[in-house]
Amino acid sequence: MPRPEAPAQPGPELRRRYTAADVGVFTPGEARRFVPGGNGDPHDDVDLAWELLYRLEPELYDRLATAERLHPGVISWLPRDVGRIAEVGAGSGRLTMELTGRGRRIVAVEPALPLRRVLRQKVAAAGHADRVEVIPGFFDELPLTDDSADLVVTCSAFTPAPEHGGEAGLAEMERVARPAGLVVIIWPNHLDWLAARGYRYVSFPGPMSVHFGSPHEAVELAGIFYPRAAAEIRRRGSAEVPFEVLGINPPRDLAFRVLPG
Ligand SMILES: C[S@@+](CC[C@H](N)C(=O)[O-])C[C@H]1O[C@@H](n2cnc3c(N)ncnc32)[C@H](O)[C@@H]1O
């Protein structure tokens, strides 16, 4: 399996947006996973800062995810005319809205209530509310029955860490997929971990850019999420920024496993 560069983590800018007092926003189930010791501090923990972003500033996250479009090859690779799709960690719907063109019924599982609200609005506005259900849940405890999906998919959400999936989360996605069904992890990290569990890797070539809404938004969001690239983005003065400038691997790849029949 080729190994993409590890994504650059936002630095202190994202961590400094929130304080230890903000962890009070978590539900008990979220706190158990994201602050298991009970006293997390986002200043020291960028993963915790991301979880706070999803709950305290969901629209800000949505603006970032909207700009970071998936490679069209990723969407085209997914099977067409799928009966039942389950997506886990759906967020504000970057992938979900694409799945509406591939599946007849979609269940989007997302733990963060503010992101579920954003996603429900998008689904309703697009006229898909009758066939896309948005529900709460976690990788390691999916509220879905065995063999209930032809395709189980996740994008930019699963990691081997227990709080973001781990062994239990992978087992849950495979439990929900029917025999001979497909489990797909889009924009994966930890490729060796996935390969050791039978996942194959596909990557789609070509130049890729982030498409911000305007040059102003590019500078604003870079200041929060890609601070090391902010000066260069300001100098370019463009809404379109190549991923190389940001120093992160683009959303051009996936790992998948077809379950035994
Ligand atoms: C980087 S966002 C990606 C969201 C969306 N899939 C996208 O591509 O924009 C990560 C998502 O994973 C969700 N998440 C975090 N921990 C999770 C868990 N244990 N189970 C399910 N989802 C989780 C977050 O709430 C967030 O929506």
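**Tryptophan 187 and the ligand site**

Tryptophan 187 is buried in this predicted model, because its relative accessible area is 11% and the cut-off for a buried residue is under 20%. The residue lies in the loop that runs between strand E5 (177-186) and helix H9 (191-195). Tryptophan 187 is separated from leucine 254 by 67 residues in sequence, yet the C-alpha atoms of the two residues are 5.4 Å apart in space.

The ligand is surrounded by 20 residues, of which Tyr61, Gly89, Glu110, Cys155 and Glu163 come nearest. By class, this shell is made up of 11 nonpolar, 5 polar and 4 charged residues. Two side chains make polar contacts with oxygen atoms of the ligand: in tyrosine 61, an N or O atom of the side chain is 2.8 Å from a ligand oxygen, and in glutamate 110 the corresponding distance is 2.6 Å. The backbone also takes part, with a polar backbone atom of phenylalanine 139 placed 2.9 Å from a nitrogen atom of the ligand. On its own, the ligand has 590 Å² of accessible area, and the protein covers 97% of it.

The ligand sits in the largest pocket. Two elements, helix H3 (46-56) and helix H4 (58-67), give two or more residues to the shell around the ligand. Tyrosine 61, one of the residues that come nearest to the ligand, falls within the range of helix H4 (58-67).

Conventions. Residues are numbered from 1 along each chain as its sequence is written. This is a predicted model: local features need pLDDT of at least 70, side-chain atom pairs count only at pLDDT 80 or more; totals for chains, interfaces and linings use all residues. Side-chain values use heavy atoms; hydrogens and water are left out. A residue is near a molecule or strand if one of its heavy atoms lies within 4 Å of it. A polar contact is a pair of N or O atoms within 3.5 Å; within protein, one must be able to donate a hydrogen and the other to accept it, and residues adjacent in sequence count only if both atoms are side-chain atoms. Accessible areas come from the Shrake-Rupley method with a 1.4 Å probe; for residues, only the protein chains shown count as cover. On a 1 Å grid over the protein atoms alone, a cavity is a set of points where a 1.4 Å probe fits but cannot get out, and a pocket is an open set with protein on both sides within 12 Å along at least five of seven lines; lining residues have an atom within 4 Å of a point. A molecule sits in a cavity or pocket if more than half of its atoms lie within 2 Å of its grid points. Helices (H or I, at least four residues) and strands (E, at least two) are DSSP runs, numbered from the N terminus. Ala, Val, Leu, Ile, Met, Phe, Trp, Tyr, Cys and Pro count as nonpolar, Asp, Glu, Lys and Arg as charged, and the others, Gly among them, as polar. Buried means under 20% relative accessible area, exposed over 50%, partly exposed in between (1.4 Å probe, protein chains only).
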